[in-house]
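Work through the exercises below with the model open. Each task is followed by its solution.

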Amino acid sequence: MFSNLSDKLDKALHVLKGHGSITEVNVAETLKEVRRALLDADVNFKIAKEFTTTVKEKALGQNVLTTLQPGQLMVKIVKDELTALMGGDAEGINLSGNPSVILMSGLQGSGKTTFSGKLANYLKNKKTKKPLLVACDVYRPAAIDQLHVVGGQIGVEVFSDRDNKNPVAIAQAGIAHAKANGYNVVIIDTAGRLAVDEVMMNEISNIHKAIQPQETLFVVDAMTGQDAVNTAKAFNDVLNFDGVILTKLDGDTRGGAALSIKSVVNKPIKFIGTGEKMEAIDVFYPSRMADRILGMGDVVSLVERAQEQYDEEEARKLSKKIAKNQFGFDDFLKQIQQIKKMGNMKDLLGMIPGAGKMLKDVDIDDDAFKHVEAIIQSMTPKERSNPAIINASRKKRIGEGSGTSVQEVNRLMKQFDQMSKMMKMMQGGKGKQMMQMMNN
Ligand code: GDP
C-alpha cells in the first residue's frame, strides 16, 4: 500500500534523520522533496503545497533546529499533518434508526456491490446487527445476480425485484421488507455508470430524497487518483454524503485519493477495501494510515485482524490436542486457513514496523501457502493425524500427488515438527526454552 510514496518520504526525511545539526537549508530541501513525493503520489497540487507550508510553519514554531533530535521531531510533525490531512480521528457510521438505512453510491466498477457485501458481513459479525441487502440496479441483471452471490457467501438475505424498473420503489419495498422481517440494517446497492452523468445523479438523488437514509456512503476506487477526488466532489454536490469508502487499496495505489479526498469534500473516509474477499474491509484510522505511509507499520490493526479471526472454541480444542500430542496436519491446515482469512500476505507483513520497506521489492505470492496446502491435501486422513507414519515411499506418493517434490514434503514435515514442539513448550510454560530455540 502506497509503497512508492512511503519510499520517497523515507528518502526525503532520511537526510534529516541522519543529521546531528540541521540547518534551515536542509529543512527547506527536505520539504521540497516531501512535496515532490506527494505530487508523485497524485496528491492535488494545492493540497501538497499547503501541506508543506503547514509543516514548515510548525517546524519553525516548535524550533526544530534547536531541539535535541530534530529529525524525529520533523517526522512527528509530518506524521501529525498526514493524519490531519486524512481526517484526524476515525469516524464510524450512523447506525441509529430501526432499521438503519445505508445508501451506497458511486461509479460502476468502484466496488459498491463488493463493499455492500463486506459491510453487511462486518455488521453481521458484530452479532447485534441483522443486515438486509437490497439490489437497486435496474439496468444490469448481472448486478442483481452479483449481489445474490455475495449475499450467499456471507449468509445475508438479498432483497430484489427483477420485474420492477423503479429503483425508488425497490428501495422502499426493501426497507418495508426489513421492517416486517426484523432486519435492523438495510444496505442499498445502487446502479453506477462509468462516468458521472445526469441520469445517474438524478436517480441516486431521487432514491436519497425518498428514503432519507441514516448514512449515505460514496464508494470510490483509490486507484483512480485525482479522478476519484473529482468524482467525489460531483457526488457530494448532489448527495451531501456522510462518508467515503476507498476501495482497492491493496493494489498499487499511489495514495493521492486517500490524501486529497478529505480536504476536497470535507467528509471522512470511513472504511477501506483491501481485497476482493468479504473479509478485506478495515475501518479507516487516519493516524494508523499515516504510520503506514511513514513505514512505521500498524501493529494495532494487525492484532485486531488476528483477534477477529480468533475463535475461542477452536482455540480450546487446539490447546487440548497439543497437550495430548495430537496436533496433526489437519489442525495445521486450519491454522493456515485462518491466517489467510486475515488478508493478503504482503498487506499483513506491511503492518509490521520496518517490514514494509524491506519487502517492497519482494514478490510475495498471495498463494504462499498453496504448496503447503497441496501437500497436506495429498495426505491420507491417517497420515494427517499421525505424521509419524509418513515414511519414504509415502513421501514420494505425497510429493507426486501434490505436484511438488520429496524435498518440499520433507521441508514441510520438518517445519511441522518444529512448530509442534514449539507449541508444546508454550503450553508447558516453557517460554524461555522456546525463546532460546527461536534464537538459535
Ligand atoms: P460496482 O460496479 O461498483 O458494484 O463494483 P464491484 O463491486 O462489482 O467491483 C468491481 C471489481 O472490483 C470486482 O472485480 C471486485 O472484485 C473488485 N474489487 C472491489 N473491491 C476491491 C478491493 O478492495 N480490492 C480489489 N483488489 N478489488 C476489489
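**Charges over rings**

The charged end of K130 sits over the ring of Y183, 4.4 Å from the ring centre. A charge counts as over a ring if NZ of Lys or CZ of Arg is within 6 Å of the ring centre and within 35 degrees of the ring normal. This is a predicted model: local features need pLDDT of at least 70, side-chain atom pairs count only at pLDDT 80 or more, and totals for chains, interfaces and linings use all residues. Residues are numbered from 1 along each chain as its sequence is written, and side-chain values use heavy atoms, with hydrogens and water left out.

**Exercise 1.** Classify the pair F218 and F235.

*Solution.* Rings of Phe, Tyr and Trp (its six-membered ring) pair if their centres lie within 6.5 Å; planes under 30 degrees apart are stacked, over 60 edge-to-face, the rest tilted. Here the centres are 5.0 Å apart and the planes stand at 40°, so the pair of F218 and F235 is tilted. F218 is in strand 5 (residues 215-221) and F235 in helix 9 (residues 225-239), 17 residues apart. Helices (H or I, at least four residues) and strands (E, at least two) are DSSP runs, numbered from the N terminus.

**Exercise 2.** Classify the pair F218 and F241, and state whether F241 is buried or exposed.

*Solution.* With 5.2 Å between centres and 10° between planes, F218 and F241 are stacked. F241 has 0% relative accessibility and therefore counts as buried (under 20% relative accessible area; exposed is over 50%, partly exposed in between; 1.4 Å probe, protein chains only). K267 lies over the face of F241, 5.3 Å from the ring centre.
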